[in-house]
Amino acid sequence: MEFREAVDAVKSKGATLKGRACRSEYWWYQLYILLFGLLLSFIGGILVTVGLITAGSVMGTILLCLAGLLGIYAFIYYFIYLYLILGICVAVRRFHDVG
């Protein structure tokens, strides 16, 4: 099973606890979670850093508002909670396949 197939399989099965998940499906999905989380954290860190550097200007204030209140951190928390549920479900399906 390739990377894209594994991610699509986990997303299509959703929060289903029945069935089995192969080893590659589980590990490719874990890699997807890691990479996507790192990307979101990196983007959020850049927005906050640029906002803090230019905090005296209007642009800095706008960037801080975007990053802190309305922006990427709300999406990161949404991502963590949504994909945490899917990650637990794929782990349970993986344990069904263990033995």
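**His-96.** I began with the exposure of His-96. At 35% relative accessibility, His-96 counts as partly exposed. I placed His-96 in helix H4. The model is a predicted one, and I kept that in mind throughout. Next I looked up the contacts of His-96. Leaving aside neighbours within four places in sequence, I found Leu-17, Lys-18, Gly-19 and Arg-20. I then took the C-alpha distance to Arg-20 and got 5.7 Å. Along the chain, His-96 and Arg-20 are 76 residues apart.

**Confidence.** I checked how far to trust the model. The mean pLDDT of the chain is 80. I noted that 87% of the residues reach 70 or more. Which element has the lowest mean pLDDT? I found helix H3, residues 58-70, with a mean of 68. Helix H1, residues 3-13, has the highest mean among the elements, at 88.

**Layout.** I counted the elements and got four helices and zero strands. Read along the sequence, the pattern is α-α-α-α. I then asked how contacts spread over sequence separation. Of the contacts with a separation of 6 or more, 71% join residues 24 or more positions apart. The chain has 99 residues, and 27% of them count as buried. For the surface, I noted about 6,600 Å² exposed by the chain. Carbon and sulfur atoms supply 73% of that area.

**Helix H1.** Which residues of H1 are buried? I listed Ala-6, Val-7, Ala-9 and Val-10. These four cover an arc of only 160° around the axis, so they sit on the same side of H1. I looked at the other side of H1 and found Arg-4 and Ser-12 exposed. Just after H1, I came to Gly-14, which takes a positive phi of about 60°.

**Nonpolar core.** I turned to the largest nonpolar core and counted 13 residues. Val-10, Tyr-29, Tyr-32, Tyr-83, Leu-86 and Val-90 have the most contacts inside it. Three helices give two or more residues to this core: H1, H2 (23-53) and H4 (72-98). Which of the elements gives the most? I found H4, with six residues. I picked Tyr-29 for a closer look. Not counting residues up to four places away in sequence, Tyr-29 touches Val-7, Val-10, Tyr-83, Leu-86, Gly-87 and Val-90. Val-7 and Val-10 of that list are also among the buried residues of H1.

**Glu-25.** I wanted to know whether this residue is buried or exposed. Glu-25 has 2% relative accessibility, under the 20% limit, and therefore counts as buried. I placed Glu-25 in helix H2. I then listed the contacts of Glu-25, again not counting residues up to four places away in sequence. They are Met-1, Ala-6, Ala-9, Val-10, Lys-13, Arg-20, Val-90 and Arg-93. I had already met Ala-6, Ala-9 and Val-10 as buried residues of H1.

**Met-1.** I followed one of those contacts back to the start of the chain. Met-1 lies in the segment before H1. At 43% relative accessibility, I logged Met-1 as partly exposed. Leaving aside neighbours within four places in sequence, Met-1 is in contact with Ala-6, Cys-22, Ser-24, Glu-25 and Trp-28. For the pair Met-1 and Cys-22, I took the C-alpha separation and got 8.6 Å. The two are 21 residues apart along the chain.

**Cysteines.** Cys-22 led me to ask how many disulfides there are. A disulfide is a covalent bond between the sulfur atoms of two cysteines. I applied a limit of 2.5 Å between cysteine sulfur atoms, and the count came to zero. I also compared exposure. At 30% relative accessibility, Cys-22 counts as partly exposed. Cys-89 has 6% relative accessibility and counts as buried.

**Thr-54.** My last stop was a loop residue. Where does Thr-54 lie? I found Thr-54 in the loop between H2 and H3. At 29% relative accessibility, Thr-54 counts as partly exposed. I took the C-alpha distance from Thr-54 to Leu-64 and got 9.4 Å. Thr-54 and Leu-64 are ten residues apart in sequence. I added a reminder to the entry that H3 has the lowest mean pLDDT among the elements.

Technical notes:
Residues are numbered from 1 along each chain as its sequence is written. This is a predicted model: local features need pLDDT of at least 70, side-chain atom pairs count only at pLDDT 80 or more; totals for chains, interfaces and linings use all residues. Side-chain values use heavy atoms; hydrogens and water are left out. Buried means under 20% relative accessible area, exposed over 50%, partly exposed in between (1.4 Å probe, protein chains only). pLDDT is the predictor's confidence in each residue, from 0 to 100. A nonpolar core is a set of buried Ala, Val, Leu, Ile, Met, Phe, Trp, Tyr and Cys residues joined through side-chain atoms within 4.5 Å. Contact means heavy atoms within 4.5 Å. The arc is that of the directions from the helix axis to the C-beta atoms. Accessible areas come from the Shrake-Rupley method with a 1.4 Å probe; for residues, only the protein chains shown count as cover.
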